[in-house]
Amino acid sequence: LFKGNLRGEPTTVYDVLSSRLDALFGSKYRLFLMEEPNGKPIVVVFPTTNDPIPATRMQWVTAGCLFVVTLLTCMVSSATFQGFDLVQTWSRWPETLLLTGSITTVLVGHEVGHWLMARRYDIRLGPPFFLPTWQIGSFGALTRIESVLPHRTALFDVAFAGPAVGGGLAFVFLGVGLLLSHPGSLFQLSPTFFHSSVLVGTLARAFLGSRLQQDIVDIHPFVIVGWLGLLITAINVMPVGQLDGGRIVQAIYGRKIIRRTSIVTLVVLAIATLFSPLALYWMVVILFLQRQLEQPQQNELTEPDDTRAALGLLALFLMAAMLLPLSPELASRLGIGG
């Protein structure tokens, strides 16, 4: 540990100190420019033997098995939305392929977004461990960063790229589904379905208009895909630990803020478990697998630019709008429900 005063811009200071360390010791050590809890800068030097360890072959096999199981749970949840039990009537599995394929497209698109951005920064990612669930098919995937991150901007870009691609695809599915919905569409749902989300309910009101005041609304299957895709994206953007949302908040605001938001998020989830078993499942996953903060970046003092900060706030706003339900009063004012 090396304590002192910062004499210059963090990026310049880091480059100078890092180049001097490399000149003395080659690639034996890595230098980290960080902030102490009291807000003062500190330099930490670690041996490169402390670098993240790549995933083992068994971990890759496990990830592959989880992906197969996730496909099966997506098929089961798709059958449930269509009104039949896939386990009891397995012969009807072809009827689930449209929804399953579309949901899988959102899930894979999310991971491709992470991978493409990580490749830009020459960052190695581990295999995505998909989390299957019977209710909605999947909770998304847990992806470990297996390289030392150069700075907070890289952390933000890698974390944000997944929800941007996956959420973007979900928005497309939802928009197309609402446009294609007409009397006689495959799914017939109560308009109270749209009470589950402020975001989806508002968009449905804009596209479907007075049809939401009927007792039953005919909707295209892509509406279900868009809703599921946005729900899966939103729960991954929750600002806690190593979830995408936690990484985004850590990149923009630093470690002190993400510790606080993680505690608040877990408290909110604990309250939500009184009303939803999905919240309980997700809280258990976070507590056991994702509660820790992301690994240090080599330059933690230089913050991402204002554009990235604005994009991060937008992601958090859309997450809240997706997860918060419409109150009966607001739904009535919007004309959602008879």
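**Entry 1: aromatic rings**

I began with the aromatic rings of this predicted model, and my count came to eight aromatic pairs. I took the pair F67 and F130 up at once: the ring centres are 5.3 Å apart and the planes stand at 55°, so I noted the pair as tilted. This pair links distant parts of the chain, since F67 sits in helix α2 (residues 57–81) and F130 in strand β4, with the two positions 63 residues apart in the numbering. I then asked myself whether each partner is buried or exposed. F67 has a relative accessibility of 28% and therefore counts as partly exposed, whereas F130, at 5%, counts as buried, because the cut-off for that word is under 20%.

Next I looked up F156 and F160, whose ring centres are 5.3 Å apart and whose planes are at 10°, so I wrote this pair down as stacked. The word rests on the angle, because planes under 30 degrees apart count as stacked. Both residues belong to helix α4 (residues 152–180), where they are four residues apart, about one turn of the helix. For F156 I also noted a relative accessible area of 1%, which means that this residue is buried.

Before leaving the rings I listed one aromatic cluster, which is formed by F81, F193, F194 and W227.

**Entry 2: strands β4 and β5**

F130 had led me to strand β4, so I stayed there, because the pair with F67 places F130 in that strand. Strand β4 covers residues 129–133 and is mostly covered, with four of its five residues buried. Which way does β4 run relative to strand β5? The two strands are antiparallel, and four bridges join β4 to β5, which spans residues 137–142. A hairpin of three residues makes the connection from β4 to β5, and across the pairing I found F129 standing opposite L142 of β5.

**Entry 3: helices α3 and α6**

I then turned to helix α3 (residues 97–120) and helix α6 (residues 221–236), whose axes come within 10 Å and cross at roughly 35°. The crossing of these two helices is right-handed. Which residues make the contact? On the α3 side I wrote down L98, L99, S102, I103, V106 and L107, and on the α6 side P221, F222, I224, V225, L228, G229 and I232. Sorted by class, this contact of α3 with α6 has 11 nonpolar residues, two polar ones and no charged ones.

While in α6 I also looked at N236, which is found in that helix. N236 is buried, as its relative accessible area is 4%. Leaving aside residues up to four places away in sequence, N236 touches F139, G140, A141, L243, D244, G245 and W282.

**Entry 4: two loop residues**

My last entry concerns two residues in loops. D122 is found in the loop between α3 and β4, and I noted it as exposed because its relative accessible area is 69%. What caught my eye was the backbone: most residues other than glycine have a negative phi. D122, although not a glycine, has a positive phi of about 60°.

Q214 lies in the loop between α5 (198–208) and β8 (217–219). Its relative accessible area is 43%, so I recorded Q214 as partly exposed. I also checked Q214 against S190, and found the two 24 residues apart in sequence and 8.3 Å apart in space, taken from C-alpha to C-alpha.

Conventions. Residues numbered from 1 in each chain as written. Predicted model: local features only at pLDDT ≥ 70, side-chain atom pairs only at ≥ 80, totals over all residues. Heavy atoms only, no water. Buried < 20%, exposed > 50% of the residue type's maximum accessible area, 1.4 Å probe, protein only. Pairing = 2+ DSSP bridges. Axes fitted to C-alpha atoms, helices over the stretch in contact; angles between N-to-C directions. Left-handed = near helix turned anticlockwise from the far one by under 90°. Contact = heavy atoms within 4.5 Å. Nonpolar A, V, L, I, M, F, W, Y, C, P; charged D, E, K, R; others polar. Phe/Tyr/Trp six-rings, centres within 6.5 Å; stacked < 30°, edge-to-face > 60°.
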